[in-house]
Amino acid sequence: MSNVLFVKANDRPYEQSISVQMYESFMNAYKAANPTDSITELDLFKEDVPYYGNDAITGLYKASQQLPLNDAEERMVNVIDKYMDQFLAADKIVIAFPLWNLTAPAPLITYMSYLTQSGKTFKYTAEGPIGLTSGKKIMLLSARGGDYASEGKQYIESGIKPVKAILGGLLGIPIEEVVIEGHQEFSDRAADIISSGLVHTQKAAAGF
Ligand SMILES: Cc1cc2nc3c(=O)[nH]c(=O)nc-3n(C[C@H](O)[C@H](O)[C@H](O)COP(=O)(O)O)c2cc1C
């Protein structure tokens with residue numbers, strides 16, 4: 001039995017949101033294929049995820065050195081520890097999010113900052129960073145209205161790229177992904193793009 005953490009980073013309604021539909025499709029197919037797994041849902045827009053800044057950075061440093069924390073630092077460290085413990089307890093993590101204004105929604109960026117802790121989830125070495133977690137894998141589910149497959153557009157896509165760089169590159173966790181893209185750019189083919197993308201999402205869930 002696996003512990004599976006489902007992270008949703010989109011507060012738009014199901015009917016209007018492709019990445020929310022991907023989240024639900026994946027969840028239903030996953031549960032059907034793995035009925036005894038333990039599922040935890042994390043809806044980031046409903047959570048208290050304060051910006052990652054000096055209270056977090058200094059608080060985490062002080063906590064690691066057993067130094068006294070002020071109230072704001074202690075609050076941040078408690079918030080971060082809660083999400084870190086939940087992440088570390090998961091064997092599999094599924095993250096669904098849209099591309100908005102060329103990037104990922106802010107709560108997801110904040111959440112990933114909480115997880116990016118040198119000495120806990122990764123460490124720097126002379127050969128570069130190495131991950132400190134083991135046995136995990138991550139599925140990214142993302143939708144974007146434009147098609148970024150072409151070489152000319154790939155470089156401006158900054159939504160899934162930083163998520164893969166942090167969780168896959170820095171934390172060293174194997175990443176799988178399903179992307180539905182181009183349904184707004186090619187609106188005449190939107191229905192096909194979305195329906196085949198959702199079928200692909202369900203297949204990915206059954207094999208995850
Ligand atoms: C505020 C906003 C900004 C968006 N910015 C982009 C963008 O930069 N590039 C793009 O291809 N699509 C963009 N889109 C379209 C979404 O990527 C598209 O709706 C996609 O399906 C993801 O959103 P959804 O999961 O809520 O449907 C944007 C949509 C919204 C609402």
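The protein holds seven helices and seven strands. Helices (H or I, at least four residues) and strands (E, at least two) are DSSP runs, numbered from the N terminus. Along the sequence the pattern reads β-α-β-α-α-β-α-β-β-β-α-α-β-α. The radius of gyration is 18 Å, close to the 17 Å that the globule rule gives for 208 residues, so the protein is as compact as a globular protein of that length. That radius is taken over C-alpha atoms, and the globule rule is 2.2 Å times the number of residues to the power 0.38.

This is a predicted model: local features need pLDDT of at least 70, side-chain atom pairs count only at pLDDT 80 or more, and totals for chains, interfaces and linings use all residues. Residues are numbered from 1 along each chain as its sequence is written.

**Overall fold**

The C-alpha trace spans about 60 × 45 × 35 Å along its principal axes. Of the 208 residues, 36% count as buried. A residue is buried if 20 or more other C-beta atoms lie within 10 Å of its own, exposed if 12 or fewer, and partly exposed in between, with C-beta atoms placed from the backbone. Among contacts between residues at least 6 apart in sequence, 74% join residues at least 24 apart. Two residues are in contact if their C-beta atoms, placed from the backbone, lie within 7 Å.

UniProt, in an unreviewed entry, annotates residues 3-191 as "domain: Flavodoxin-like fold". UniProt positions follow the numbering used here, feature names are shortened, and annotations may be inferred rather than shown by experiment. Over residues 3-191 the chain is 39% helix and 22% strand. The end C-alpha atoms of that stretch are 34 Å apart.

**Helix packing**

The axes of H2 and H3 come within 8 Å and cross at roughly 85°. H2 and H3 are therefore roughly perpendicular to each other. Angles of 65 to 115 degrees earn that term; those under 35 count as roughly parallel, over 145 as roughly antiparallel, and the rest as oblique. Axes are lines fitted to C-alpha atoms, for helices over the stretch in contact, and angles run from 0 to 180 degrees between N-to-C directions. The H2 side of the contact includes Asp55, Leu60 and Lys62, and the H3 side includes Glu73, Met76 and Ile80. Its residues divide into seven nonpolar, two polar and four charged. Ala, Val, Leu, Ile, Met, Phe, Trp, Tyr, Cys and Pro count as nonpolar, Asp, Glu, Lys and Arg as charged, and the others, Gly among them, as polar.

H3 (residues 71-89) also meets H4 (residues 106-115): their axes come within 9 Å and cross at roughly 80°. H3 is thus roughly perpendicular to H4. Ile80, Tyr83, Met84 and Phe87 of H3 contact Tyr111, Tyr114 and Leu115 of H4. This contact has seven nonpolar residues, no polar and no charged.

**Positive phi in loops**

Two non-glycine residues have positive phi.

| Residue | Phi | Loop | C-beta neighbours inside 10 Å |
|---|---|---|---|
| Gln66 | near 55° | between H2 (54-64) and H3 | 6, exposed |
| Asn101 | near 50° | between S3 (92-98) and H4 | 8, exposed |

**Annotated binding site**

The unreviewed UniProt entry lists Ser17, Ile18 and Ser19 under "binding site". Ser17 sits in the loop between S1 (3-8) and H1 (18-33). It is partly exposed, with 18 C-beta neighbours inside 10 Å. Leaving out residues up to four places away in sequence, Ser17 touches Asn10, Arg12 and Pro98.

Ser19 lies in H1. Ser19 is buried, with 24 other C-beta atoms within 10 Å. With the same sequence exclusion of up to four places, Ser19 touches residues including Asn10, Phe97, Pro98 and Leu141.
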